[in-house]
Amino acid sequence: MSDELDSVRRSVISCTRCDLSKTRTNAVPGSGNAQTDVIFIGEAPGRNEDLQGEPFVGTAGKILSEALEYAGFVRKDIYITNIVKCRPPNNRRPNKQEIDTCSIYLQKELEIIRPKIICILGNTAYGSLLDGSAITKNRGKVIKRNNHLYFVTVHPAAIIYNPALRQVIKDDLKTLHAILDKIKKGTQIQINE
Ligand code: URA
């Protein structure tokens, strides 16, 4: 981890900017490789993440790891983070105020890492980063916004309720892997504005 990312990490761990800090066990900073070309962004920590202080280590994390491996990504080589860094009580969705208050940390993570593409996991990250309401229209596609490239897929936890999505996220991440290869080689990719 770079010194700059480590400084963001320490700020997240001691953050008291919103009331989620009062109910959390641990804040959950992003985790992974600062040199990565791709960042994966989920919603907020769940119970296991809150207990361990690491993103995507519970059931949803297992599903994400499996899809990453299937697609050819090595988990320790990429970077995984969340829109909101503390667990909302009872796993409710983070509200707009919590998302806005926490956004400084994600902005810093993006500025430091400067990934070639940002992978949005599910509707909360989609709503927060691309102002969309449901991912259906853009799932599996690349979107360009504010000079960043985004790739949109389902949230790994959605598979718990809808097992048919297990193959969807695997195939999407495989598509993302191929897109990243093309970006690195300078080959043209299809972009939706
Ligand atoms: N769900 C998320 O969105 N993030 C996590 O870290 C774990 C579950």
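**Notebook: the largest pocket and its ligand**

I began with the pocket search, and the largest pocket came out with a volume of about 660 Å³. I note at the outset that this is a predicted model, and that the values below are computed from it.

Next I looked up the lining: 29 residues line the largest pocket, and those closest to its centre are Glu 43, Ala 60, Asn 91, His 155 and Ala 157. I then asked which elements give two or more residues to that lining, and found helix 3 (47-52), helix 4 (59-71), helix 6 (123-130) and helix 7 (158-161). Sorted by character, the lining residues divide into 14 nonpolar, 10 polar and five charged.

I checked where the ligand sits, and the space that the ligand takes is this largest pocket. Around the ligand I listed Gly 42, Glu 43, Ala 44, Pro 45, Glu 49, Pro 55, Phe 56, Asn 82 and His 155, a shell that divides into four nonpolar, three polar and two charged residues. Glu 43 and His 155 appear both in this shell and among the residues closest to the pocket centre.

For the polar contacts I went through the backbone atoms one residue at a time. A polar backbone atom of Glu 43 is 2.8 Å from an oxygen atom of the ligand, while a backbone N or O atom of Ala 44 lies 3.0 Å from a ligand nitrogen atom. At Phe 56, a backbone N or O atom lies 3.0 Å from an oxygen atom of the ligand. Last, I looked at how far the ligand is covered: taken alone it exposes 230 Å², and the protein buries 92% of that.

How values were computed
Residues are numbered from 1 along each chain as its sequence is written. This is a predicted model: local features need pLDDT of at least 70, side-chain atom pairs count only at pLDDT 80 or more; totals for chains, interfaces and linings use all residues. Side-chain values use heavy atoms; hydrogens and water are left out. A residue is near a molecule or strand if one of its heavy atoms lies within 4 Å of it. A polar contact is a pair of N or O atoms within 3.5 Å; within protein, one must be able to donate a hydrogen and the other to accept it, and residues adjacent in sequence count only if both atoms are side-chain atoms. Accessible areas come from the Shrake-Rupley method with a 1.4 Å probe; for residues, only the protein chains shown count as cover. On a 1 Å grid over the protein atoms alone, a cavity is a set of points where a 1.4 Å probe fits but cannot get out, and a pocket is an open set with protein on both sides within 12 Å along at least five of seven lines; lining residues have an atom within 4 Å of a point. A molecule sits in a cavity or pocket if more than half of its atoms lie within 2 Å of its grid points. Ala, Val, Leu, Ile, Met, Phe, Trp, Tyr, Cys and Pro count as nonpolar, Asp, Glu, Lys and Arg as charged, and the others, Gly among them, as polar. Grid points are joined across faces, edges and corners, and a volume is the space filled by probe spheres set on the points. Helices (H or I, at least four residues) and strands (E, at least two) are DSSP runs, numbered from the N terminus.
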